[in-house]
Amino acid sequence: MRITADTNILVRAAVGDDPDQSRLAAEVLRGAEVVAVTLPTLCEFVWVLKRGYGVEGGAIVTAIRRLVDSASVRADRPAVDAGLAVFEAGGDFADAVIAFEGRRLGGSIFTSFDRRAIELIAATGAETRLLSAE
């Protein structure tokens with residue numbers, strides 16, 4: 001079986017808060033020949049674990065690394081690595097993925113009103129521009 005995992009499958013497998021769903025999620029992930037994990041799914045996964053469950057950043061990073069290192073998992077590894085680098089530095093995983101994807105699509109300057117995102121993404125060597133109404 002070749003599956004695309006929704007965020008709720010990853011969350012149930014990682015958190016184990018619903019015994020029946022957690023068991024089913026773990027079984028489908030272990031039994032799949034291919035598990036496609038999209039960037040939006042990983043962005044949601046980080047958000048749900050951090051905001052919804054209060055999971056600390058280091059545990060989230062470990063969970064993502066363990067997931068994408070699994071032999072059956074297919075993910076955009078360069079984008080995931082970009083997201084993790086900024087997330088580990090205290091930034092937002094999704095912002096880093098957005099900046100990375102944007103560069104691949106031809107957007108050479110990451111723009112945002114979020115000063116912290118600009119600082120952390122600029123620290124990766126990307127060109128950035130902070131927008132301000134002032």
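## Helix α7, two nonpolar cores and a pocket

Helix α7 (residues 115–122) buries Ala117, Ile118, Leu120 and Ile121. This is a predicted model, and α7 is a good place to start a tour of it. The buried residues of this helix pack against two helices, α5 (77–88) and α6 (93–104), and against two strands, β4 (109–112) and β5 (127–130). At the N-terminal end of α7 sits a cap: a side-chain oxygen of Asp114 lies 3.1 Å from the backbone nitrogen of Arg116.

Stepping back, let us look at the whole chain. It holds seven helices and five strands, and from the N terminus on the elements follow the order β-α-α-β-α-α-β-α-α-β-α-β. The C-alpha trace spans about 55 × 30 × 20 Å along its principal axes. Of the 134 residues, 35% count as buried. Among contacts with a separation of 6 or more, 50% join residues 24 or more positions apart.

Now for the interior. In soluble globular proteins, nonpolar side chains tend to be buried together. Here, the largest nonpolar core has 28 residues, and the members that touch the most others are Leu10, Val35, Val37, Leu42, Ile64, Val80 and Phe93. Helices α1 (7–15), α3 (39–52), α4 (57–68), α5 and α6 each give two or more residues to this core. The largest share comes from α3, with six residues. Which residues does Ile64 touch, not counting those up to four places away in sequence? They are Leu42, Phe45, Val46, Val80, Leu84 and Phe93. Apart from this core lies another, of nine residues, which include Val86, Phe110, Ala117 and Ile121. That brings us back to α7, since Ala117 and Ile121 are among the buried residues of that helix.

Three individual residues are worth a visit, and the table sets them side by side.

| Residue | Helix | Relative accessibility | State |
|---|---|---|---|
| Thr41 | α3 | 7% | buried |
| Ser22 | α2 | 10% | buried |
| Arg66 | α4 | 58% | exposed |

Thr41 belongs to helix α3. It counts as buried because its relative accessibility is 7%, where the cut-off for buried is under 20%. Its side chain makes a polar contact of 2.8 Å with the side chain of Thr38. Setting aside residues up to four places away in sequence, Thr41 touches Ala5, Asp6, Thr7 and Leu10. Leu10 has already appeared among the core residues that touch the most other members.

Ser22 lies in helix α2. Is Ser22 buried or exposed? With a relative accessible area of 10%, Ser22 is buried. A polar atom of the Ser22 side chain lies 3.0 Å from the backbone oxygen of Arg12. Arg12 is also one of the residues that Ser22 touches, together with Gly16 and Asp17, when residues up to four places away in sequence are not counted. Between the C-alpha atoms of Ser22 and Asn8, which are 14 residues apart along the chain, the separation is 9.6 Å.

Arg66 is found in helix α4. At 58% relative accessibility, Arg66 is therefore classed as exposed, the cut-off being over 50%. Arg66 and Thr4 are 62 residues apart along the chain, and their C-alpha atoms are separated by 17 Å.

Arg66 also leads us to the last stop, the largest pocket. How much space lies in the largest pocket? The volume is about 350 Å³. Its lining is made by 16 residues, of which Ala13, Leu29, Ala63, Arg66 and Leu67 are the closest to the centre. Helices α1, α2 (19–31) and α4 each supply at least two lining residues. Helix α4 makes the largest share of the lining, with five residues. By class, the lining holds 11 nonpolar, three polar and two charged residues.

Some elements recur in this account. Helices α1 and α4 each give two or more residues to the largest nonpolar core, and each also supplies at least two residues of the pocket lining. Helix α5 contributes to the largest core as well, and α5 is one of the elements against which the buried residues of α7 pack.

Definitions and conventions. Residues numbered from 1 in each chain as written. Predicted model: local features only at pLDDT ≥ 70, side-chain atom pairs only at ≥ 80, totals over all residues. Heavy atoms only, no water. Buried < 20%, exposed > 50% of the residue type's maximum accessible area, 1.4 Å probe, protein only. Helix = DSSP H or I, 4+ residues; strand = E, 2+ residues; numbered from the N terminus. Contact = heavy atoms within 4.5 Å. Polar contact = N/O pair within 3.5 Å; in protein donor to acceptor, adjacent residues only side chain to side chain. Core = buried A, V, L, I, M, F, W, Y, C linked by side-chain atoms within 4.5 Å. 1 Å grid on protein atoms, 1.4 Å probe; cavity = no way out; pocket = protein on both sides within 12 Å on 5 of 7 lines; lining within 4 Å. Points joined across faces, edges and corners; volume = space filled by probe spheres on them. Nonpolar A, V, L, I, M, F, W, Y, C, P; charged D, E, K, R; others polar.
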